[in-house]
Amino acid sequence: MNHIGSIGVLTSGGDSPGMNAAIRAVVRTCIFNGIPVFGIRRGYQGMIEGDIVPLKTTDVSGIIQRGGTMLKTARSKEFTTPEGMAKAYAQLQKHNIGALVLLGGDGTCRGAVKFFENHVIPAVAIPCTIDKDLVGTDLTIGFDTAVNTAVEAIDKIKDTAEAHDRVFVVEVMGRDAGYIALNSGIACGAEDTLIPEETTSMDSVLDRIAGDERRKKSVHIIVVAEGDELGGGKAVYEAIKERLPELDTRLCVLGHIQRGGSPTYADRVLASRLGYAAVTAILEGRTQTMAGVVNGEIVFTPLDKVVKGCTPIPRDMLDIIRVLSV
Ligand code: F6P
């Protein structure tokens, strides 16, 4: 007889490729250790509504390579209220769920920290977000896949941009974080990358395009994170059209294609390691933490520290976009 009862696993917030691989790892590590495991469908909203199903090892067969999440996901307004949280807690008790594994990003961790203020339940979070905007981990599940998707798309855009001597503004995801923009921008040799963490000067963007024109650079790719304070790709595109109307400029918004698709090997391995680590941490009592990877090693960071932290962008990554597109 274990002291935990059952473990519940859920996915919450925006999905990310690799969530299924993490669910598989959580379920199978539980089963290996003789602990019953429940899937809580549609995140915190499903917890409130009691949308909770037992999971066996065969329920997670054949999902390691699939994007999305077999447990579905949601963003729940009701869970932000004391009444919603009380209903959710009652459902956990009804199912004898004595610990939780929470898969999601900063919103998921924030929700958990609020929940623990009034309800006692051991929990470990696993960082799943394409944005990679969480402290306590060098990587988040889904980031590698999303960047690879963006790179593949931008490479294709570059072919057609070059054929027509066009300026292309490519908007990538990242409401508050520029990691996808920076990494895909560097990997594709973009001429400029605009991100929320840095103030953007439209004048300097335009000067650089004009400079490239004089140097007869035939293609100019500007990667813009959707949360850039100028207003994302559309605003940048419109400013270029207005101020440099002689140029042939196009906009491409990559959007949700970055959130779907089969996870890369790196995301599958990360998900497997963190799913295993989260259940092991619960068994060892290292809870109210997030399992992450720092310098290749598994580390556990207290959840209240995770929600207060912010991840600084490495200065060299900002600089080399400019230097390498000279
Ligand atoms: O948090 C991941 C993310 O993909 C952000 O990059 C993006 O701004 C947001 O989710 C989009 O959310 P939704 O799918 O609700 O439009």
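**Exercise 1.** In which loop does Asp165 lie?

*Solution.* In this predicted model, Asp165 belongs to the loop that runs between α5 (143-164) and β6 (167-172). The next step is to consider the backbone: Asp165 is not a glycine, yet its phi is positive, at about 50°. As background, most residues other than glycine have a negative phi.

**Exercise 2.** Find what value phi takes in Lys72, and place this residue in its element and on the scale from buried to exposed.

*Solution.* Phi of Lys72 is near 60°, again a positive value in a residue other than glycine. As for its place, Lys72 is found in the loop between β3 (52-54) and α3 (82-94). Because its relative accessibility is 46%, and partly exposed covers the range between 20% and 50%, Lys72 counts as partly exposed.

**Exercise 3.** Determine whether Val170 is buried or exposed, and list the residues with which it is in contact beyond its neighbours in sequence.

*Solution.* Begin with the element, which for Val170 is strand β6. The relative accessible area of Val170 is 0%, and since buried means under 20%, this residue is buried. Once neighbours within four places in sequence are left aside, the contacts of Val170 are Ile154, Ile157, Ile221, Ile222, Val223, Val224, Cys252 and Leu254. As a distance across the chain, the C-alpha atoms of Val170 and Glu78 are separated by 36 Å, with these positions 92 residues apart along the chain.

**Exercise 4.** Carry out the corresponding analysis for Leu230, asking where it is found and which residues it touches.

*Solution.* Leu230 is found in the loop between β8 (220-225) and α8 (232-243). Its relative accessibility of 31% is the reason why Leu230 counts as partly exposed. Not counting residues up to four places away in sequence, Leu230 touches Thr200, Met202, Ala235 and Val236. Its C-alpha atom is separated by 34 Å from that of Gln45, which is 185 residues apart from Leu230 along the chain.

**Exercise 5.** Describe the surroundings of the ligand, starting from the residues around it and ending with how much of its area the protein covers.

*Solution.* The residues around the ligand are Arg75, Ile130, Asp131, Met173, Gly174, Arg175, Glu226, His256 and Arg259. Turning to polar atoms, a side-chain N or O atom of Glu226 is 2.5 Å from an oxygen atom of the ligand, a polar side-chain atom of Asp131 lies 2.8 Å from a ligand oxygen, and for the side chain of Arg259 the corresponding distance is 2.9 Å. Of the 400 Å² of accessible area that the ligand has on its own, the protein covers 78%. Finally, the space that the ligand takes is the largest pocket.

Key
Residues are numbered from 1 along each chain as its sequence is written. This is a predicted model: local features need pLDDT of at least 70, side-chain atom pairs count only at pLDDT 80 or more; totals for chains, interfaces and linings use all residues. Side-chain values use heavy atoms; hydrogens and water are left out. Helices (H or I, at least four residues) and strands (E, at least two) are DSSP runs, numbered from the N terminus. Buried means under 20% relative accessible area, exposed over 50%, partly exposed in between (1.4 Å probe, protein chains only). Contact means heavy atoms within 4.5 Å. A residue is near a molecule or strand if one of its heavy atoms lies within 4 Å of it. A polar contact is a pair of N or O atoms within 3.5 Å; within protein, one must be able to donate a hydrogen and the other to accept it, and residues adjacent in sequence count only if both atoms are side-chain atoms. Accessible areas come from the Shrake-Rupley method with a 1.4 Å probe; for residues, only the protein chains shown count as cover. On a 1 Å grid over the protein atoms alone, a cavity is a set of points where a 1.4 Å probe fits but cannot get out, and a pocket is an open set with protein on both sides within 12 Å along at least five of seven lines; lining residues have an atom within 4 Å of a point. A molecule sits in a cavity or pocket if more than half of its atoms lie within 2 Å of its grid points.
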